[in-house]
Each structure stands twice: as structure tokens, then as C-alpha cells.
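Reader: I would like a close look at a single part of this protein. Please take one helix and go through it slowly.

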Amino acid sequence: MMSDLIVWHGPNTRSTGTVWLVEELGAPYELRKVDVFGGATREPDFLAVNPAGKVPAIRHKNKTLTEMAAISLYLADAFPEAGLAPAIDDPLRGDYLYWSVFRPGVLEPAIITKSQGLELDPRMVGWGDWETVLSLVERQLASGDYILGDNFSAADILIGGALGWLKHFKLMGENSSIDRYIDRLHARPAYARMQAANT
Ligand SMILES: N[C@@H](CCC(=O)N[C@@H](CS)C(=O)NCC(=O)O)C(=O)O
């Protein structure tokens, strides 16, 4: 199928979030599978797409974009009819940007360092300490079903995707607000469609 949106995706990697997003957007796209665990991200063909050797990567209207948070912000704006991004003059726009950037800048490094048992000086690292990071998310989820309150947005895919690792790494108790949030996100039809593509 020819499409002006291409998604490079490695099954069971961070790019699952990008596939989930395009399924939520209802955007026609071409899926190009990358055998990350077989070393394909380090092959010249893929390095020509992303010199950093990482998935996800997309190409839209002949422009390539990488970094999943940038991809999320870009695509949710490029397909506004899906309603996954508050408009520029919406009071929630700032919160939406905050939580989208929180994913790679704060939440993800906090989860990775915690799961690896790394002890770093919380004043030196940009994301601070694990307890504070977790409490920021829990406090936000106390005020609604989704990270922006009542409505699902592209930021939920970024935040919920990383929080899903907490379950995986067994870093989270059952039946917490985070646990229920993940279950709510995983019940979405687009999430199931992503899983079907994630083989
Ligand atoms: N900062 C990147 C990180 C992406 C990333 O780490 N991707 C991993 C898969 S989960 C990858 O492609 N690894 C392959 C490699 O390093 O060769 C983003 O947020 O998009």
C-alpha cells in the first residue's frame, strides 16, 4: 500500500507506542518492520533513515522524523481530526506539552535507572528521585481517568507506554491508580490493533 506516512517499527520496542498512536489517529500508514534484536538498526539501510540507529522513525510527506515524543507531538497535530492534541489556544495545551516531554525527559530515565538499580545523585540528574517522579504521575492521575483529566490524548500513549514497563519490571503494586490507568489504556481497540501489528 502506498501511503505518505511510513512507520519504522521494531516489535516489542519503544516504537510500539508510535504504532499505537497511528492506530488511534486512524491515519493510513505503511509499516516497515525492523529486526532490532537481530541488529537491523545498525545496518546501513536503517542508519540512512535514522543515523542514531533507533526506532521509532517515521517519514511523512517525504520528511523523516525520529524521537518518539517529537513524533507524537508532530503526528497528533498533523491529524487534528482525531482530537488527540489540545489545540494551540486550548488551556490544556501547556499540560499536554509538559506530559509529552515528561516521558523521555523524566519518566523514562527514572524508570530505567530504577530498574537497573542505579543510584545517582537526584540533584545532578534532570529527573530527580524516583519517589518524586512517581508521586507527580500519581497526583495527576488522581484528578481524572487520563493524564489531562477526562479526555484521552496522545500524551497518554507516551506516559502510559512507559508506565506499562513498571508492570513489566514489577516495580508497581497491583490496583494502584497507575495500575488501573494502564488497564484502561490497554482496553482501547487501537491498543489491540497495535498488538496485532506487533508480531
Ligand atoms: N530516544 C529514542 C529512543 C529509542 C530507542 O531507544 N529505541 C530502541 C528500541 S526500544 C532501539 O531502537 N534500539 C536499537 C539500537 O540501539 O540498536 C526515542 O525516544 O525515540
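Author: What follows is a walk along helix 5, from its length to its two sides and its start. This is a predicted model, in which local features need pLDDT of at least 70, side-chain atom pairs count only at pLDDT 80 or more, and totals for chains, interfaces and linings use all residues. Residues are numbered from 1 along each chain as its sequence is written, and side-chain values use heavy atoms, leaving out hydrogens and water.

Helices here are DSSP runs of H or I with at least four residues, numbered from the N terminus. Helix 5 covers residues 130–141, which is 12 residues. The expected span of a helix is 1.5 Å times one less than its number of residues. For helix 5 that gives 16 Å, and the end C-alpha atoms are 17 Å apart, so the two agree.

Next come the sides. Buried means under 20% relative accessible area, exposed over 50%, and partly exposed in between, with a 1.4 Å probe and protein chains only. Trp130, Val133, Leu134, Val137 and Leu141 of helix 5 are buried. These residues lie on the same side of helix 5, because they cover an arc of only 95 degrees around the axis, taken from the directions from the helix axis to the C-beta atoms. An α-helix has 3.6 residues a turn, so residues three or four places apart point the same way.

The buried residues of helix 5 are covered by parts that include helix 4 (93–115), helix 6 (154–168) and helix 7 (177–186), where contact means heavy atoms within 4.5 Å. On the face turned away from the buried side, helix 5 carries the exposed residues Glu131 and Arg139.

Last, at the start of helix 5, a side-chain oxygen of Asp129 comes to within 3.3 Å of the backbone nitrogen of Glu131.

Definitions and conventions:
Helix = DSSP H or I, 4+ residues; strand = E, 2+ residues; numbered from the N terminus. Polar contact = N/O pair within 3.5 Å; in protein donor to acceptor, adjacent residues only side chain to side chain.
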